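Visitor: Hi, I'm new to looking at protein structures. Could you show me one and let me ask about it?

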Amino acid sequence: MADEKNSKHRHRSTVFDSSTMYPVLALMLVLVACVELCDAATVVDVYRLIQYDISGVPFGSRFSSLNHHAASLSFQRGAADLSRSVLILPLRELDLAFLRDYISQKESLGGLLILLPQGFRPGGGGDVISETQGLRELLAQLEKFLVHSNIPFPVYFAFENEETDAMLADVKKNDALGQQATATTGGYKLVISVSEPRKIASPTITNIQGWLPGSRPEGDSNQLPTIAVVASYDTFGAAPALSVGSDSNGSGVVALLEVARLFSTLYSNPKTRGRYNLLFALTSGGPYNYEGTQKWLKSLDQRMRESIDYAICLNSVGSWDNELLVHVSKPPENAYIKQIFEGFSNVAEDLGFQVSLKHKKINISNSRVAWEHEQFSRLRVTAATVSELPTPPELLESAGSLSDTRQHVNEDAIIKGVKLVAESLARHIYGHQGKDIKIFADNSSLAVNPFYVRSWLDSLSQTPRVAPFLSKDEPLIMALKKELEDYTAEVSIQQESLDGTFTFYDSTKASLNIYQVASVTFDLLLLLVLGSYLIMLFSFLVITTRGLDDLISIFRRPPSRKMKMA
């Protein structure tokens, strides 16, 4: 009997084990599916506000990681605690005065996410017509404020899309009802998991130069005079990973490359090679007081520097209509300045637009320079800057703004600028000043190539170029070097350390995970439902396999030791 009873007990255990295994596995799968759904997130690319120091004074966003609930400006201002919230601000709805006051008063904030229209995405991605001039000006003011502020929380930029629009609509709705997202109420949680920013060790600036040697008459031992064409190629903006500077100064770089290509055709034939050397230089460090230009000039041999007749610097020539400006440091009465300006004026008249001369005397006692040509003037080399800008940009400003994208640059303006520079140089080199001669006439073998201009403009408009974040063998630098090698000779690269006054930090781009999380009340209710289900399932299986008595015995209090002995 005992054996039969034990056998029956083992049989029931086996039935119980096999019958419970599948429901339990099914429950585990349901739970895993629920966890996966809870963990599912929308991932958005975000771009961090620049972090840097000037002489040890901190500027920009000082933190990078985020793990807070989302909030909007739809709540009653002053009544909500945002110390553990990420404030989402679309540029279209930005209240700059509120943001200035909030940051200036050092109010606590978990983080700031600024949503930009797709029209400001580098390389395209939106209808530029819908982005008004007012939005561009507002973005420029925002950048200026953020770049020159010390902000003790993470600040990121992102572009509007369906996911961010849907999230913001829900957040606004809840905030308007006074239901600010918290761990208790639920809502959206924004998470960026990155390491804290680190200093960039020994940031470098890279200059690239190429020559087109002139033709020396037989028996002439004198050194040929030189004309330099220069453009700074790097940028600076509120978000380094978005700072492409299509106009400032991508347009200047494109114009220089096209001028080099045109003259390489002329100089490739000994019969049309001029009696001037042409020196082309792409310099770095433009936003930092044109430090690269200064170091490049000082690296030149003194005889070579003294042989420079004059230099033409190209800066922002892609967004103008009928007038370009020629900025100079020497007085307009100077013979060289007169010659340069008259050459430009004659060509501009033939092409159907105007050029104007703007004189700004440099202050030798002040190390700050306003234009690139001023670095030449400090070394007593005649130079001028051709630009659409009426006034010089301030330090770390207007050199790669978030609004300076391909959509806002007119390639026809660059082509007109190329014709102006190339024709005026050619007339000077070949002695055709004052003559109505078009050396680079349209539909000729020496015509400006619009496809070449467009190709390089498109490429630069997709490539962030903030110098401290570029490596020594950066693909962009190698591409510019190769391009000069195709059209000039003796191409060389000069690499220098950036002035120690500036310190920059990494972590410029990240992925933002957007989670829609339930409230604690929902979690407790879910736990209660699951717990009840497990108890009912367990009870049902025990009753069907062992009987009601066994179920009761499980929950019955076991007899004490005294009762057992009795």
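Visitor: Okay, picking a residue: is K482 buried or exposed, or somewhere in between?

Guide: K482 is partly exposed, with a relative accessible area of 48%. Buried means under 20% relative accessible area, exposed over 50%, and partly exposed in between, using a 1.4 Å probe on protein chains only. Before we go on, this is a predicted model: local features need pLDDT of at least 70, side-chain atom pairs count only at pLDDT 80 or more, and totals for chains, interfaces and linings use all residues. Residues are numbered from 1 along each chain as its sequence is written, and side-chain values use heavy atoms, with hydrogens and water left out.

Visitor: Got it. What does K482 pair up with?

Guide: K482 makes a salt bridge with D486, and their closest N and O atoms are 3.4 Å apart. A salt bridge here is a side-chain nitrogen of Lys or Arg within 4 Å of a carboxyl oxygen of Asp or Glu. D486 is partly exposed too, at 43% relative accessibility.

Visitor: Where do K482 and D486 lie?

Guide: Both are in helix α12 (residues 475-487), 4 residues apart, which is about one turn of the helix. Helices (H or I, at least four residues) and strands (E, at least two) are DSSP runs, numbered from the N terminus.

Visitor: How many salt bridges does the structure hold?

Guide: There are 15 salt bridges. One of them joins the side chains of R62 and D53, at 3.0 Å from N to O. R62 counts as buried at 17% relative accessibility, and D53 is buried at 8%.

Visitor: Cool. What about R406, which residue does R406 bridge to?

Guide: R406 forms a salt bridge with D458, with the closest N and O atoms 2.7 Å apart. This pair links distant parts of the chain: R406 is in the loop between β16 (383-387) and α10 (411-429), while D458 is in helix α11 (residues 450-460), 52 residues apart. R406 counts as buried at 17% relative accessibility, whereas D458 counts as partly exposed at 28%.

Visitor: New topic: strands. How many residues of β12 are buried?

Guide: In strand β12 (residues 277-283), 7 of its 7 residues are buried. Both faces are covered, with N277, L279, A281 and T283 on one side and L278, F280 and L282 on the other.

Visitor: Which strands pair with β12?

Guide: Strand β10 (residues 204-212) runs antiparallel to β12, with 5 bridges joining them. Strand β11 (residues 226-232) pairs with β12 in the parallel sense over 7 bridges. Two strands pair if DSSP finds at least two bridges between them. Across these pairings, I208 stands opposite L282, and V230 stands opposite A281.

Visitor: Last thing, pockets. What volume does the largest pocket have?

Guide: The largest pocket has a volume of about 820 Å³. On a 1 Å grid over the protein atoms alone, a pocket is an open set of points where a 1.4 Å probe fits, with protein on both sides within 12 Å along at least five of seven lines; lining residues have an atom within 4 Å of a point. Grid points are joined across faces, edges and corners, and the volume is the space filled by probe spheres set on the points.

Visitor: Which element gives the most to the lining of the largest pocket?

Guide: That's α3, with 8 residues.
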